[in-house]
Amino acid sequence: MKIRIGHLYPDYLNIYADRGNIAVLTRRAAWRGDEVELTTLSVGDTLESGAYDLLYVGGGQDREQALVAQDLGSKRDAVLAAVADGAAMLAVCGGYQLLGRSYRDFHGVELPGIALFPLETVAGERRMIGDVLLECELEPGVRRTLAGFENHAGRTLLDPGAEPLGRVVAGFGNDGESGYEGCRVGRAVGTYLHGPLLPRNPWFADWVLAQALAHASGGEPPELARLPDDLEAEAHAVSARRAETRGGRFS
Ligand code: GLN
């Protein structure tokens, strides 16, 4: 199968090696005989809503978010239509914040979001930095952990009834209080977890790939062949241990 990935603003939103997530998706697809066709989309580029099986956006500082927010607004309808049509989406930190209704930055400047996710974010005085561990249940009854790293001033408030990505086991998560992290709408997921996230969470990389393959085939997410993820499992264990011993400390 061919998986068409649209990578939004790689030249603006890419901190903590967030673009490494694309490398993981590309390699894991190739190991199973699937092909990734990657298109980068930045300021001024047109996003064709039906052209992608997976949209991806990384994180960035307030300055970079301000440089792309207006352009993202011009892509709003296409992104919402793509996700409504069943395309998968993964958004990290600053990108995640701009997929909500708005992000008020550290200086009180309100950046408009595209309201894909039912949430809004307001930057606080102190940054929330450190290793994070979540417990997720993306499939009913199947609980797994996600381990990563967070660094954000933004406090994200989900609307009542909104679905988080996971429960915080260690770390801050969305706002350091709710006990939840991230947000999910169908096949679209937003998270504060950098790292990059996917090398140390192969099950989640495969979940994202399966959602994209479902869109590409017009069917259900396929059961993917298992890969020898020993190194990935070790990286996850190290990251999880770090989170449990030192996650969730204000800077
Ligand atoms: N600038 C945003 C914040 O501070 C997002 C940071 C990030 O992407 N790591 O909350």
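Helices here are DSSP runs of H or I with at least four residues, strands are runs of E with at least two, and both are numbered from the N terminus. This is a predicted model, where local features need pLDDT of at least 70, side-chain atom pairs count only at pLDDT 80 or more, and totals for chains, interfaces and linings use all residues. Residues are numbered from 1 along each chain as its sequence is written, and side-chain values use heavy atoms, with hydrogens and water left out.

I will start with the ligand. The ligand sits in the largest cavity, which by the criterion used requires more than half of its atoms to lie within 2 Å of the cavity's grid points. A cavity is a set of points, on a 1 Å grid over the protein atoms alone, where a 1.4 Å probe fits but cannot get out; a pocket is an open set with protein on both sides within 12 Å along at least five of seven lines, and lining residues have an atom within 4 Å of a point.

The shell around the ligand holds 16 residues, with Gly60, Asp62, Gln65, Cys93 and Gly154 the closest; a residue counts if one of its heavy atoms lies within 4 Å. β8 (142-158) is among the elements that supply at least two of them, and with four residues β8 has the largest share. By class, the shell has four nonpolar, 10 polar and two charged residues. Nonpolar means Ala, Val, Leu, Ile, Met, Phe, Trp, Tyr, Cys and Pro, charged means Asp, Glu, Lys and Arg, and the others, Gly among them, are polar.

Next, individual atom pairs. A polar side-chain atom of Gln97 is 3.0 Å from a ligand oxygen atom, and a backbone N or O atom of Ala153 is also 3.0 Å from an oxygen atom of the ligand. A polar backbone atom of Asn151 lies 2.9 Å from a ligand nitrogen atom. Alone, the ligand exposes 300 Å², and the protein buries 99% of that, by the Shrake-Rupley method with a 1.4 Å probe.

Now the pockets. The largest has a volume of about 580 Å³, a volume being the space filled by probe spheres set on the grid points, which are joined across faces, edges and corners. Its lining has 24 residues, and Arg144, Trp203, Asp206, Glu223 and Leu224 are the closest to its centre. α5 contributes the largest share of that lining, six residues.

The second largest pocket comes to about 160 Å³. There β7 gives the most, four residues, and the lining divides into five nonpolar, one polar and five charged residues.

Key
Polar contact = N/O pair within 3.5 Å; in protein donor to acceptor, adjacent residues only side chain to side chain.
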